[in-house]
Amino acid sequence: MNVDVIGDVHGCFDELIELIEQLGYRFENGLPVHPDGRYLAFVGDAMDRGPKSIAVLQLLFDMQDAGILHYSPGNHCNKLYRFFKGNPVELLHGLEMTVAEWRLLEKDAQQQFKKRFIRFYEKLPLYLQLRDDLIVVHAGLRQDMIGEALSRRIITFALYGEITGRYHSDGRPVRGNWAKSYKGTPWIVYGHTPVETPYFKNNSVNIDTGCVFGGALTALRFPEMEICQVTSKQDYQPDRFHHYD
């Protein structure tokens, strides 16, 4: 089974459709279908920050309904889920944009969308082992966590990566580079931390190339290990990209 893994979309719907079509998929009844039987997978964070989060999520809902969705949830997915469940959540870091879009819907449509997102999220696995040699996760996974019973430690790592507890002067969290010590056999394909070019380290690759920050939306074709990209239509924000040591 050959897979095309797409990085963090963050509401960039137009770029997502362009990338899916560039990968050779055609839309049949609103669903992406590849003539060679390939399928799509996502590293999470479909929403927030970008202009069309509702449209991106609606496509994912349709794919889930059709049984063809392979999606690993990210921290932004988790935050929107907690918001819709009524938990106290600050409307920051792009969530405010998704909520503003949602609030433009008619009242009945708002309730339907909220219930649908809750169902969507609750069906998602924390990470996807799509092949013996491929794992898709949002922010990372150490080799000792693969196949272990889910714990708060593993959930936090998969959603946020290696947390240091420290912050840059501009408020961004200082993130550890877990991939430097990864010694596992399966390839780990992840996102979460925007980089200007896909970051390969050991058997891992970060494909969040910051589309919402004016970079590109990236897909990794597996097992070919080919990178496909479309240029972002958003304003370029160079200070939002991470540079690994």
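This report describes two sheets, a helix lying across one of them, and a helix pair in a predicted model.

Residues are numbered from 1 along each chain as its sequence is written. Local features need pLDDT of at least 70, side-chain atom pairs count only at pLDDT 80 or more, totals for chains, interfaces and linings use all residues, and side-chain values use heavy atoms, with hydrogens and water left out.

Helices (H or I, at least four residues) and strands (E, at least two) are DSSP runs numbered from the N terminus. Two strands pair if DSSP finds at least two bridges between them. Axes are lines fitted to C-alpha atoms, for helices over the stretch in contact, and angles run from 0 to 180 degrees between N-to-C directions.

One open sheet has four strands in the order β4-β1-β12-β13, with mixed pairing. Its edge strands, β4 (39-42) and β13, each pair on one side only. Neighbouring strands here are turned by 25 degrees against each other on average, direction ignored. β12 and β13 form a hairpin with three residues between them, and M225 in the turn has a positive phi of about 60 degrees.

A second open sheet has five strands in the order β5-β6-β9-β11-β10, and its pairing is also mixed. β5 (128-131) and β10 (199-201) stand at the edges with a single partner strand each, so one side of each has no neighbour in the sheet. The twist averages 20 degrees from one strand to the next.

Three strand pairs are listed below.

| Strand pair | Sense and bridges | Bridge partners |
|---|---|---|
| β1 (3-6) and β12 | antiparallel, four bridges | V5 and L220 |
| β12 (216-222) and β13 (226-231) | antiparallel, six bridges | T218 and Q229 |
| β6 (134-136) and β9 (187-190) | parallel, three bridges | V136 and V189 |

Helix α1 lies across β1, β4, β12 and β13 and runs at about 140 degrees to β13. In α1 (residues 13-22), the buried residues (under 20% relative accessible area, 1.4 Å probe, protein chains only) are E15, L16, I17, L19 and I20. G24 follows α1 and has a positive phi, near 100 degrees.

The axes of helix α2 (residues 53-65) and helix α5 (residues 107-122) come within 11 Å and cross at roughly 55 degrees. α2 is therefore oblique to α5, oblique being any angle outside under 35 (roughly parallel), over 145 (roughly antiparallel) and 65 to 115 degrees (roughly perpendicular). Contact (heavy atoms within 4.5 Å) involves I54, L57, L60, F61, Q64 and D65 of α2 and F113, R116, F117 and F120 of α5.

Technical notes. Buried < 20%, exposed > 50% of the residue type's maximum accessible area, 1.4 Å probe, protein only.
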